[in-house]
Amino acid sequence: MKRIIFLSLLQFLSASLTYSSFAQSAMNNIPGRKTVSLNGRWGAIIDLYDAGSGKRAFWKDLKPEKKTDFYEYSFENGPVLNVPGDFNTQLPELNYYEGSVWYKKNFIFKKVPDKRVFLYFGAANYKTDAYLNSQTLGSHEGGFTPFQFEITDKIKDGQNSVIVRVNNQRLKDAVPTIGFDWFNYGGITRDVDLVVTPESYIKDYFIQLEKGKNNFIKGWIKIDGTNKNQTGFVEIAELKIKHKFVCDSTGAALFAFAAKPVLWSPEKPKLYDVKIISQTDTISEQIGFRNIDVRGDEILLNGRSVFLKGVNIHEELPERGNRAYSKEDAELLLGRAKELGCNFVRLAHYPHNENMVRLADKLGLMVWSEIPVYQKIEFQNPAAQQRMNNMLKEMIARDKNRASVIIWSISNETVPSKERNANLSNLAQLAKELDSTRLISSAMNLIKYEKDVATIDDSLCSYLDVIGVNEYYGWYKPWPAAPGEMIWKSDFKKPLIMSEFGGEATYGNHDTLMTASTWSEEYQEQIYKDQIKMLKTIPFLRGTCPWILADFKSPVRVHPVYQKGYNRKGLLSDKGLKKKAWYVMKEFYESMK
Ligand code: GCB
C-alpha cells in the first residue's frame, strides 16, 4: 500500500514537472497563503486580428521617446476591464467576442529578502500568455484550472507591470472542442494574486482518511526550494495531533497516523483546522475527513449507503447572466441547491471556481467535479490528449483536500471509438494514481433499447466506479415505454447516477396542451413527474441530477421566441425565478428524508 501511494506521489510530481514547459503546476491552498491581490481594474486592448502578438509586441508596452517614435497601441486611456470577470459581459462590443484581449495592471511591490514570489491565476479562458515588466513568463492552456509563474527574479522593488493576453477562440483540438452547449466566456475569469513564499515552501500536500478506515489519516507533503531535507509536523489541534514527518532529498514526505475525527457528512459537515509546519514554512486550512467508496451498486459515505440528491450547475449566475467567480456567487448558486433539498451537486462541465468547492465543504454538499472532455473531443490527436491529462492533473491538484468532492468525472457524452476508449481509460487510471481516495465517473448516453428494457451499453463503464447516464425522455427522445414500466439493466453491477434529465420551458409560458413545442412550464413539469416515476423503479440508482439548476446562456439555442440565446432547461429561469418543475423535484427530494 505504502509503495502504491509513494509511486503515485512520484508519478504526480514528475507529471507536474513535464507540464511546466508552459506555466508551472500551481501550488494549492491559495487562501491559506500570504498573497497580494491583483484583482481590480486592468487596462485592456481588444485585439481581434492578433496584431499585438507579432512585431508590434504589445507586451513590450513601448512608449514614444524620440520625436519620430510612434506606437499604434496603448494600454492607457482605452477600455478598462474588471478582474476577475468574463470580458463578454463587461463591454457591449465584447458580447459575442471570441479572440484576444490584452490586459495590463501596474502595481507597486516591496521585495522581501529570501522570499519567492509567484504570479497566480485562478483561471483564464482559454489560452493565456503572461509577461512581467516586458519579460515573457510563459503560457497556459485551459479555461478552468489554476496556474502560476515564478517571478522572483523578474519582480522589482517599486513599480511593476503585468501584461496578459487571453484568447478564447474555440479550437478543434482544444478541450472542450469547437461545439459546446454553454457560453464561451473569455478573459481573466478568476482571481489573480501575487503569492509570497519562503525560499523553501510547502508547495503541495494531500491529507485524508485512509480509504476504508475511519480512524486512520494518511497523506503526503511536497516542499519546493533548495532546503528539501526538512522535518515538520502535521498538526490538528482539536484532535490533539502533532505528527512528525521527514522529507526526503526530493522534498517529499509521506505520513500516516491514527485519529478519530468526527466524520464529515452532509448532515454534519465538520471541518478541522489542519496545520502543516515545516522548518521554513507553515500553512493551514480547514479540512473535513470522510470516506467515500462503493460496494456493489451502492455508494458508501463513511461506510453507509447514501443516495445523492443532486442538481447540475453551470458556473453562471442567473440573476446577473455572467460567469460566477466570487464567494457571494457561490453562496447564491449553492444556496439554491440547498433550497432544492440537495446533498449533492454536479459542477458541469468543467472545474468551477474554488469558492464553490470550499463553500460545499462548509454546507455539506457532496460534489461531482468534471473536466471539459465534452462530446466531440479529438481523441486521436496527441495534443488534445495532453490537454485532457493536464486538466485532470490541475483539477485534482487544486481540490484534492476538499471533503465535499467525492467524484472526479473524466468526460461527458463522448462517442465510443478505439481512441476514445484508450484515452478515457488512461484518464481514469491517471485519476486513480493521483488520488486513490475518490470515485471516478463519467456521464454517458449510450443505452441499448429492446422494447421496454434499457441496457447501459458503453464499455467505458468498466473503467468507472460510478456510472453517470444522461437521458432526456420526454424531450429529445420519446419515452421508450410508459415511465413506470421501463426496466433498467446493467451488466456492470455498479452504482448509477442519472446525471442529466429534463426538458425546456420558458418561464411564465403556460399551456395545458402538453406539447413540447410551446415550451410550457406544464410540459416540463410533466417530464419531471414521469422521470421520477421511472427513477423510482431502478434498483441500482444511487443519485439523480436534473439538468439544470437555472437557464443558462448558450449561443446554440437560437429559437427567437422561446430560447433567445438561452438553454431553457433550468428549474429556475434566467432571472432565478422558480418554474413548476422546481417544486416537483423539491418534493421528490423532501420525500426521501
Ligand atoms: C446534454 C449535455 C448538456 C446539454 C444538455 C442539453 O446532454 O450534457 O451539456 O446542455 O444535454 O440541454 O441538451
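Here is a walk through this predicted model, from its ligand out to its sheets, a helix and a few backbone oddities.

Let's start with the ligand. The shell around the ligand holds 14 residues, and the closest of them are Asp-181, His-349, Glu-413, Tyr-476 and Lys-569. Sorted by class, that shell comes out as five nonpolar, four polar and five charged residues. Some polar side chains come within reach of the ligand's oxygen atoms. In Asn-412, a side-chain N or O atom sits 2.9 Å from a ligand oxygen. Arg-557 has a polar side-chain atom 3.1 Å from an oxygen atom of the ligand, and for Tyr-472 the corresponding distance from a polar side-chain atom to a ligand oxygen is 3.2 Å. How much of the ligand does the protein bury? On its own the ligand would expose 320 Å², and the protein buries 94% of that.

Now for the sheets, beginning with one built from four strands. This open sheet runs in the order β1-β10-β5-β8, and its pairing is antiparallel. The edges belong to β1 (34-37) and β8 (147-150); each has a single partner strand, so one side of each is left without a neighbour in the sheet. On average, neighbouring strands here are turned by 30° against each other, if you ignore direction. Look next at the pair formed by β5 and β10: strand β10 covers residues 192-198, and seven bridges join it to β5 in an antiparallel arrangement. If you want a place to find your bearings in that pair, Phe-118 stands opposite Val-195 in β10.

A second open sheet also has four strands, this time in the order β14-β13-β16-β17, again with antiparallel pairing. Its edge strands are β14 (241-246) and β17 (282-287), each of which pairs on one side only. The average turn between neighbouring strands of this sheet, direction ignored, is 20°. Within the sheet, β13 (residues 231-236) and β16 (residues 272-278) run antiparallel and are joined by four bridges. Here you can use Glu-235 as a marker, since Lys-275 in β16 stands opposite.

Strand β7 (residues 135-141) is worth a brief stop for Thr-136, which sits in it. Is Thr-136 buried, exposed or partly exposed? With a relative accessible area of 48%, Thr-136 is below the 50% that exposed residues must exceed, so Thr-136 counts as partly exposed. Thr-136 also lets you link two parts of the chain: its C-alpha atom is 8.3 Å from that of Trp-59, although the two residues are 77 apart along the chain.

Next, a helix. Helix α3 spans residues 354-363 and is mostly covered, with eight of its ten residues buried. Which residues are buried in α3? They are Glu-354, Asn-355, Met-356, Val-357, Arg-358, Leu-359, Ala-360 and Asp-361. Both ends have something to look at. At the start of α3, Asn-353 brings a side-chain oxygen to within 3.1 Å of the backbone nitrogen of Asn-355. Just after the helix, Gly-364 takes a positive phi of about 75°.

That leaves the backbone oddities. Most residues other than glycine have a negative phi, and most peptide bonds are trans. The following spots go the other way.

Take the cis peptide bonds. One joins Asn-125 and Tyr-126, with omega at about 10°; Tyr-126 is in the loop between β5 (115-121) and β6 (127-132). Another cis peptide bond joins Trp-547 and Ile-548, where omega is about 15°. Ile-548 belongs to the loop between β34 (541-544) and β35 (552-553).

Then there are positive phi values outside glycine. Asp-50 is not a glycine, yet its phi is positive at about 55°. You'll find Asp-50 in the loop between β2 (40-47) and β3 (80-83), and at 25% relative accessibility it counts as partly exposed. Lys-493, likewise a residue other than glycine, has a positive phi near 50°. Its place is the loop between β32 (487-489) and β33 (496-500). Why does Lys-493 count as exposed? Because its relative accessibility is 66%, and exposed means over 50%.

Key
Residues are numbered from 1 along each chain as its sequence is written. This is a predicted model: local features need pLDDT of at least 70, side-chain atom pairs count only at pLDDT 80 or more; totals for chains, interfaces and linings use all residues. Side-chain values use heavy atoms; hydrogens and water are left out. A residue is near a molecule or strand if one of its heavy atoms lies within 4 Å of it. A polar contact is a pair of N or O atoms within 3.5 Å; within protein, one must be able to donate a hydrogen and the other to accept it, and residues adjacent in sequence count only if both atoms are side-chain atoms. Accessible areas come from the Shrake-Rupley method with a 1.4 Å probe; for residues, only the protein chains shown count as cover. Ala, Val, Leu, Ile, Met, Phe, Trp, Tyr, Cys and Pro count as nonpolar, Asp, Glu, Lys and Arg as charged, and the others, Gly among them, as polar. Two strands pair if DSSP finds at least two bridges between them. Helices (H or I, at least four residues) and strands (E, at least two) are DSSP runs, numbered from the N terminus. Axes are lines fitted to C-alpha atoms, for helices over the stretch in contact, and angles run from 0 to 180 degrees between N-to-C directions. Buried means under 20% relative accessible area, exposed over 50%, partly exposed in between (1.4 Å probe, protein chains only).
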